[in-house]
Structures are given as C-alpha cells and as structure tokens.
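The following account leads the reader through a single protein structure, moving from one exposed position to the wider architecture and back to individual residues. Please keep the sequence and the model in view while reading.

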Amino acid sequence: MSEGEARRIVRAEARRLSLLLVLSVLLVLGLYLGFQVGLLDRPLAESLRFGIPLLAGIGLVQYLFLGPVWIRRPGSALVGTTVERVSTSGDRDDAIVLTRDDVTVRVGLPRGTSGFRRGDTVLVCPRLDYGNAMGLVVPEHVSSTRPVLTVRGSAV
C-alpha cells in the first residue's frame, strides 16, 4: 500500500469517526430535549438555552482530550514501522511488536484482527511512541474490522 493511499484511508476514517462524534452529541441533545420538554414540561427555548452549550462543551472535551491524536490531526505524518514479532496468547488478543530505529513498542490488537507476519511494514500516525494512542493502518493482507486501528503502545 502506498503512502498516499494510506493517508487517504486515515483521513476518511478520521472523518467517519468525527461524524460519529457529532451524531452522538446530536442524539444526546435530542434525548435531553425529549426529557426536558416531554417529561418535565419545561419550555423548549429554556431547555435549548441550557442544553446546547452543555452538550457542545461535552463534545468539545471528548474531541480534544479523549479522541486520539490521529483523528484530530489526520494530515500528520505517517511513519513506517516493521513488525518484529507477532504473539498470541490463549485468552487474550493478539499483539505485535513494532520497531523503528531505536524505538520498540508492543501493541495489543483488537479482536477480529489477524494475519500480521514478521517483517510486515505498517504505517502509524502520528508517530511510534509509548503510552500514546496512534492510528495503525492495516496492510491489505491482514483481516480486520477497520482499515485504521486505534492502538496504544507499551514498552516491551
């Protein structure tokens, strides 16, 4: 997979997840208004005056502090890494060890992801690092539920 195609996939997946965030905030706003107006018999204008800033603030906090960096900045650099080791334990999910220069990171994979091989080159966004969430672009030969996985690296 070329870097341009991987960048296009990362941007499309980031747009999809951002759209899901906006839709979830709108759904919660609708539920809030239904509760306020329907069950508590409050005026719609009063409910909107309080509800919109509250839920906009909650959505902003989710986006800025809880959302992975690759979703907030989908245009950031893609870093090529190599799969050094693939491990599977009986009761846990698969894990791969990624290396690049002097950084070696163990990454746990979500269920439904299989097919990584030693020596595969994968792209991560924005960088390979410990403890940070990163987007891992899944190679074409790997079966996965999503084209970009949000994973967290840990020390080996």
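**From an exposed loop to the whole fold**

Asp41 is exposed, with a relative accessible area of 64%; in this context a residue counts as exposed when its relative accessible area is over 50%. The model in which Asp41 is seen is a predicted one. Asp41 belongs to the loop between α1 and α2, and its position is just after α1. Although Asp41 is not a glycine, its phi is positive, at about 55°.

A second residue may be read alongside Asp41. Asp101 is exposed, with a relative accessible area of 73%, and is located in the loop between β2 (95-100) and β3 (103-108). Asp101 has a positive phi near 50° and is likewise a residue other than glycine.

The overall plan can now be described. The protein contains 3 helices and 6 strands. Read from the N terminus, these elements follow the order α-α-α-β-β-β-β-β-β. The C-alpha atoms fill a box of roughly 65 × 35 × 25 Å along the principal axes. How does the radius of gyration stand against that of a compact globule of 156 residues? Such a globule would have a value near 15 Å, but the protein has 20 Å. Of its 156 residues, 35% count as buried. The protein exposes about 9200 Å², of which carbon and sulfur atoms supply 58%. Among contacts between residues at least 6 apart in sequence, 55% join residues at least 24 apart.

The helices on either side of the loop that holds Asp41 come next. Helix α1 has 37 residues, which at 1.5 Å a residue should span 54 Å; its end C-alpha atoms are 53 Å apart, and this agrees with the expectation. The same reasoning can be applied to helix α2 (residues 44-66): its 23 residues should span 33 Å at 1.5 Å a residue, and the 31 Å between its end C-alpha atoms agrees. Helix α2 nevertheless carries a kink of about 25° at Gly51, shortly before the proline Pro53.

Which residues of α2 are buried? They are Ser47, Gly51, Leu55 and Gly59. Gly51 thus appears both as the site of the kink and as one of the buried residues of the helix. The buried residues of α2 pack against α1 (3-39).

Helix α1 also holds a buried residue that deserves attention. Glu13 is placed in helix α1 and is buried, with a relative accessible area of 6%. What does Glu13 contact, leaving aside its neighbours within four places in sequence? The residues in contact with Glu13 are Trp70, Arg146, Pro147 and Val148. Val148 lies at the start of β6 (148-155).

The account now turns to the strands, beginning with strand β4 (residues 121-125). Of the 5 residues of β4, 4 are buried, so this strand is largely enclosed by the rest of the structure. Strand β1 (residues 79-87) is joined to β4 by 4 bridges, and the two run antiparallel. Within this pairing, Gly80 has Leu123 of β4 as its bridge partner. Strand β5 (residues 133-137) also pairs with β4 in the antiparallel sense, over 3 bridges. Here Cys125 has Gly135 of β5 as its bridge partner.

Cys125 has a further feature. A cis peptide bond, with omega of about 5°, joins Cys125 and Pro126. Pro126 is placed in the loop between β4 and β5.

The final stop lies beyond β5. Val142 is located in the loop between β5 and β6 (148-155). Is Val142 buried or exposed? Val142 is buried, since its relative accessible area is 8% and the cut-off for burial is under 20%. Not counting residues up to four places away in sequence, Val142 touches Thr113, Ser114, Gly115 and Phe116. Val142 and Arg117 are 25 residues apart in sequence, and their C-alpha atoms are 8.9 Å apart in space.

Notes: Residues are numbered from 1 along each chain as its sequence is written. This is a predicted model: local features need pLDDT of at least 70, side-chain atom pairs count only at pLDDT 80 or more; totals for chains, interfaces and linings use all residues. Side-chain values use heavy atoms; hydrogens and water are left out. The expected span of a helix is 1.5 Å times one less than its number of residues. The bend at a residue is the angle between axes fitted to the seven residues ending there and the seven starting there. Buried means under 20% relative accessible area, exposed over 50%, partly exposed in between (1.4 Å probe, protein chains only). Contact means heavy atoms within 4.5 Å. Two strands pair if DSSP finds at least two bridges between them. The radius of gyration is taken over C-alpha atoms; the globule rule is 2.2 Å times the number of residues to the power 0.38. Accessible areas come from the Shrake-Rupley method with a 1.4 Å probe; for residues, only the protein chains shown count as cover.
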